[in-house]
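Please read the points below with the sequence and the 3D view open beside you. They deal with ring pairs, one helix and one patch.

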Amino acid sequence: VMDEAVSAGVTAMDDVQFYRPFVPYVIKYRESGIFDKVRLRGSLYVDPHDLEDEGRLRDDLAWWKDTAGESDERLTLGKSVKFYIDGTVGNRTSFFLEPYCDDPSYYGRPDWTQEDFDRVIEIADGMHLQTCTHAIGDAGIRRVIDSCERARGINGEWDSRHRLEHCEFPTPDDRERMARLGMHAAMQPTHSFGDEVVERFLGHERMQGWHPWRSLERAGVPLSFGSDWCNSPLNPFYGLLLATTRMNYKGKTDWAPEEKIAIENAVRHWTIDSARALKMEDDIGSLEVGKRADFVIWNTSPLKVNSWWFMLTHEMDLGKLEGFVDLTAVNGEVVYEKT
């Protein structure tokens, strides 16, 4: 995975589902050199059942904060925690304000009640831990925003940068609230490709609110791009193409074509904006004096990926947009060079 990442020009990764037993192994692997090529940040996963013993949960979070002492320039621990407020559209577990098209009585499945999520966010926010919450449906997204807004009223304002992971269906009102609260939308453009199941469950009209990147930008929501996990390509070229064309699995652009964004903005969301979402913008994300000198040399400009010339002269299938990286450097040291 590390080799694949740097060959695609990816120098930093955010693993948002760490478990306590992982940590000794991660530190052991670090000592054997596994992170010599990349940077990794981890977020501790918190399950809804963890709140059943609040004392133990607080102890676990205090332990997690203490692991920050193990961090170095390649590995960051102890800064953030991960939750799920809902699931995915494909298995009908995303939580919506309106019912699924195939069942007028079913709205999806929230993983936390509002009361419990209010409490756990209050605890994490009070300990100055950034929260990263998987939230896809508009009802799930609203529940997270409500809890973060409540926590700010109780704990006071600080540089929390609480994140909504995926954030696929935020309502217009909730986009504005996210901007006011400084909440980040951590999104994955390749997910917008979709499939027929998503459209069948939600309907064509609701798909016009899917992945509203341009609207989030206009609302002033900090937006970052990434790849998600192993079912999505690490190579950002695929996401750049989809973010700037809104092409879907049908080969059409009939899901909110007005939400496509400028290629320059998409590149920023993958670089400096992602660094901000990680609270690492002082070290990485742009080429500036005093930063860590993580950079990539391309043999094809990423700014041309959405041009008709590029699409007519390259195969667009998954696995075909490879080989565009000549060199990747981390901390000024070459970690990949094309042969």
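**Notes on a predicted model**

1. There are 23 aromatic pairs in the structure, which is a predicted model. One of the pairs is Phe169 with Trp210, a stacked pair whose centres are 6.2 Å apart and whose planes differ by 20°. These two residues are 41 residues apart and belong to distant parts of the chain. Phe169 sits in the loop between strand E6 (163-166) and helix H6 (172-181), while Trp210 sits in the loop between helix H7 (196-202) and H8.

2. Are the two partners buried or exposed? Phe169 has a relative accessible area of 5%, so it is buried, the limit for that word being under 20%. Trp210 is buried too, at 4%.

3. A second pair is Tyr249 with Trp255. Their ring centres are 6.0 Å apart and the planes meet at 45°, so this pair is tilted. Tyr249 counts as partly exposed, with 31% relative accessibility, whereas Trp255 counts as buried, with 2%.

4. The four residues named so far also appear in one aromatic cluster. Its members are Phe96, Tyr100, Tyr106, Phe169, Phe201, Trp210, Tyr249 and Trp255.

5. Now for helix H9, which spans residues 236-245. Why can H9 be described as largely enclosed by the rest of the structure? Ten of its ten residues are buried, so the description follows. The buried residues run from Pro236, Phe237, Tyr238, Gly239 and Leu240 to Leu241, Leu242, Ala243, Thr244 and Thr245.

6. What covers the buried residues of H9? The cover includes three helices, H8 (213-219), H10 (263-270) and H12 (308-313). It also includes two strands, E8 (223-225) and E9 (295-298).

7. Both ends of H9 deserve a look. At the start of H9, Asn235 has a side-chain oxygen within 2.9 Å of the backbone nitrogen of Phe237. After H9 comes Arg246, which has a positive phi, near 65°.

8. The last point concerns the surface. Which residues form a nonpolar patch there? The patch consists of Tyr25, Tyr29 and Ile34, and together they have about 310 Å² of accessible area. Tyr25 belongs to helix H2, residues 22-31. For contrast, go back to H9, where residues such as Leu240 and Leu241 are buried.

Note on methods: Residues numbered from 1 in each chain as written. Predicted model: local features only at pLDDT ≥ 70, side-chain atom pairs only at ≥ 80, totals over all residues. Heavy atoms only, no water. Patch = residues over 30% accessible without salt bridge, like charges linked within 9 Å, V, L, I, M, F, W, Y side chains within 5 Å. Areas by Shrake-Rupley, 256 points an atom, 1.4 Å probe, with all protein chains shown as cover. Salt bridge = Lys/Arg side-chain N within 4 Å of Asp/Glu carboxyl O. Helix = DSSP H or I, 4+ residues; strand = E, 2+ residues; numbered from the N terminus. Buried < 20%, exposed > 50% of the residue type's maximum accessible area, 1.4 Å probe, protein only. Contact = heavy atoms within 4.5 Å. Polar contact = N/O pair within 3.5 Å; in protein donor to acceptor, adjacent residues only side chain to side chain. Phe/Tyr/Trp six-rings, centres within 6.5 Å; stacked < 30°, edge-to-face > 60°.
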